[in-house]
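Student: I have the sequence and the structure open side by side, and I'd like to go through a few features with you. Could we take them one at a time?

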Amino acid sequence: MTQLKFAYWVPNVSGGLVISKLPQRTDWSFEANKRYAQIAEKNGFEYALLQTRFIASYGAENQLEAITLASALASVTEKLHLISAVHPGLWHPAVYAKMLATLDHISNGRVAVNIVSGWFKKEFIGYGEHWLDHDERYRRSEEFIDVLRSLWKEEETTYKGDFYRINQAPFKPKPKGRDGIPIFQGGNSEAARAMAARVSDYYFMNGNTLEGFKKQIDDVKARAAKEGREVKFAANGFVIVRDTEEEAIALLRDIISHGDSQAVEGFKNSVKDAGQSTKDKDGMWAESTLEDLVQYNDGFKTGLIGTAEQVADRIIELKKLGIDLLLTGYFHYEEDLERFGQEVIPLVRKKEAALTVSIV
């Protein structure tokens with residue numbers, strides 16, 4: 001049984017990982033993110049995800065671009081894998097394939113990409129790009145992935161899709177890995193799950209209950225099997241570890257009670273173009289409450305709130321469901337990231353070992 005991998009959200013936008021006015025010790029600058037990356041690497045984290053934002057949303061007034069920052073963080077780390085998020089439509093896939101391959105060489109094979117089909121209409125319209133309907137955005141993303149993979153694997157690529165055209169394009173140097181660069185993808189909708197089954201390596205899920213995660217995993221696994229593929233699963237969770245469960249819950253309540261209602265409401269309105277716009281009304285944020293949206297990827301739902309032991313037990317339950325990678329967010333980034341690495345990850349490793357013995 002393979003070990004669960006741990007990742008953290010890089011706070012490359014201002015305001016941290018919660019839409020709350022409660023004071024938090026989290027900074028979006030390069031110098032801060034350099035510290036966070038080195039702390040994470042030293043304390044058992046294997047991956048870091050850099051989100052892609054270009055225009056302020058959910059109170060995130062300042063944004064550092066993902067792949068540029070990933071390149072900088074690659075130069076100050078040695079083991080951490082950097083997942084750069086990208087919006088098809090705002091980048092051309094051939095250009096981004098070259099950027100990723102370059103970063104792959106800079107980092108000695110420590111790069112991955114997260115394909116984000118897009119929910120924030122203002123970014124696309126503001127930058128002069130066409131805004132596509134929900135399922136069309138996923139069709140474009142799938143073509144984007146097809147182009148990436150072809151350029152990375154073929155000596156010369158010709159591609160004729162509905163969104164992209166590539167004409168006898170060579171591509172060197174190739175990524176360092178024989179299979180190219182790992183491709184992550186999020187989304188909860190029918191279109192997202194179908195796309196993940198066909199083309200993605202990892203399927204990212206917003207925060208959810210155990211039952212909710214199981215439903216998604218079972219569905220994508222079945223779809224992938226029909227395609228003759230296997231997909232790995234990654235889940236989002238916001239972490240609050242304190243000495244007692246009461247302390248952890250008290251902080252959660254404080255974060256929510258100090259939620260920036262105007263920013264949360266604005267975010268809620270923005271994401272109407274995501275899950276609520278699908279035919280089955282069953283995509284990203286379709287059932288999220290205002291309290292859920294204070295952590296804008298539903299991270300509170302995952303239940304990583306309590307003592308180190310309680311959080312480790314919850315993580316083992318996630319592993320049993322088939323989750324391969326856990327993406328974590330924090331309130332006071334520096335100390336909370338380090339605490340998770342020093343207290344929770346070692347407990348999870350012990351519990352994983354015991355789980356393996358019990359299965360054998």
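Student: Which residues line the second largest pocket?

Tutor: Keeping in mind that this is a predicted model, the second largest pocket is lined by Asp201, Tyr202, Lys221, Ala224, Ala225, Arg229, Glu230, Val231, Lys232, Phe233, Gly322 and Asp324.

Student: What volume does that pocket have, and how does its lining divide by class?

Tutor: The second largest pocket has a volume of about 260 Å³, and its lining is made up of five nonpolar, one polar and six charged residues.

Student: Which element gives the largest share of that lining?

Tutor: The largest share comes from α7, with three residues, and both α7 and β9 supply at least two residues each.

Student: Staying with α7, where is Lys226, and is Lys226 buried or exposed?

Tutor: Lys226 belongs to helix α7, which covers residues 210–226, and with a relative accessibility of 77% Lys226 counts as exposed. Its C-alpha atom is separated by 9.2 Å from that of Arg198, although the two residues are 28 apart along the chain.

Student: Phe233 was in that pocket lining too. What sort of aromatic pair do Tyr203 and Phe233 make?

Tutor: A search of the whole structure finds 17 aromatic pairs. For Tyr203 and Phe233, the ring centres are 6.3 Å apart and the planes stand at 85°, so the pair is edge-to-face, an angle over 60 degrees being the cut-off for that class. The pair links distant parts of the chain, with Tyr203 in strand β8 (residues 202–205) and Phe233 in strand β9, 30 residues apart.

Student: And are Tyr203 and Phe233 buried or exposed?

Tutor: Both Tyr203 and Phe233 are buried. Another edge-to-face pair is formed by Phe238 and Phe300, with 5.5 Å from centre to centre and 90° between the planes. Phe238 lies in strand β9 whereas Phe300 is in the loop between α10 (290–293) and β10 (304–306), so this pair ties together parts that are 62 residues apart in sequence. Both Phe238 and Phe300 are likewise buried.

Student: Which rings link up into a cluster?

Tutor: Ring pairs join Phe6, Tyr8, Tyr36, Phe45, Tyr330, Tyr333 and Phe340 into a cluster.

Student: Switching to closed spaces, how many cavities of 30 Å³ or more does a search find?

Tutor: The search of the whole structure finds two cavities of that size, and the second largest of them has a volume of about 40 Å³.

Student: Which residues line the second largest cavity?

Tutor: Its lining consists of Val239, Ile240, Val241, Arg242, Tyr330, Asp336, Arg339 and Phe340, and by class these divide into five nonpolar, no polar and three charged. β9 (232–241) and α12 (333–359) each supply at least two residues of this lining. Tyr330 and Phe340 appear in the cavity lining and also in the ring cluster.

Student: New topic: what is special about the bond between Lys172 and Pro173?

Tutor: Lys172 and Pro173 are joined by a cis peptide bond, with omega at about 0°, and Pro173 is found in the loop between β6 (165–170) and β7 (183–185). In strand β6 itself, Gln168 has a positive phi, near 50°, although Gln168 is a residue other than glycine. With 57% relative accessibility, Gln168 counts as exposed.

Student: What is the phi of Asn108, and where does Asn108 sit?

Tutor: Asn108 has a positive phi of about 60° without being a glycine, and Asn108 is located in the loop between α3 (93–106) and β4 (111–115). Its relative accessible area is 58%, so Asn108 is exposed.

Student: What sits over the ring of Phe171?

Tutor: The charged end of Lys98 sits over that ring, 4.6 Å from its centre.

Student: Last one: why would you call α5 largely enclosed?

Tutor: Of the 20 residues of α5, 15 are buried, so the helix is largely enclosed by the rest of the structure. As for its length, helix α5 (residues 134–153) should span 28 Å at 1.5 Å a residue, and its end C-alpha atoms are 29 Å apart, which agrees.

Methods. Residues numbered from 1 in each chain as written. Predicted model: local features only at pLDDT ≥ 70, side-chain atom pairs only at ≥ 80, totals over all residues. Heavy atoms only, no water. Helix = DSSP H or I, 4+ residues; strand = E, 2+ residues; numbered from the N terminus. Expected span 1.5 Å × (residues − 1). Buried < 20%, exposed > 50% of the residue type's maximum accessible area, 1.4 Å probe, protein only. 1 Å grid on protein atoms, 1.4 Å probe; cavity = no way out; pocket = protein on both sides within 12 Å on 5 of 7 lines; lining within 4 Å. Points joined across faces, edges and corners; volume = space filled by probe spheres on them. Nonpolar A, V, L, I, M, F, W, Y, C, P; charged D, E, K, R; others polar. Phe/Tyr/Trp six-rings, centres within 6.5 Å; stacked < 30°, edge-to-face > 60°. Lys NZ or Arg CZ within 6 Å of the ring centre and 35° of its normal.
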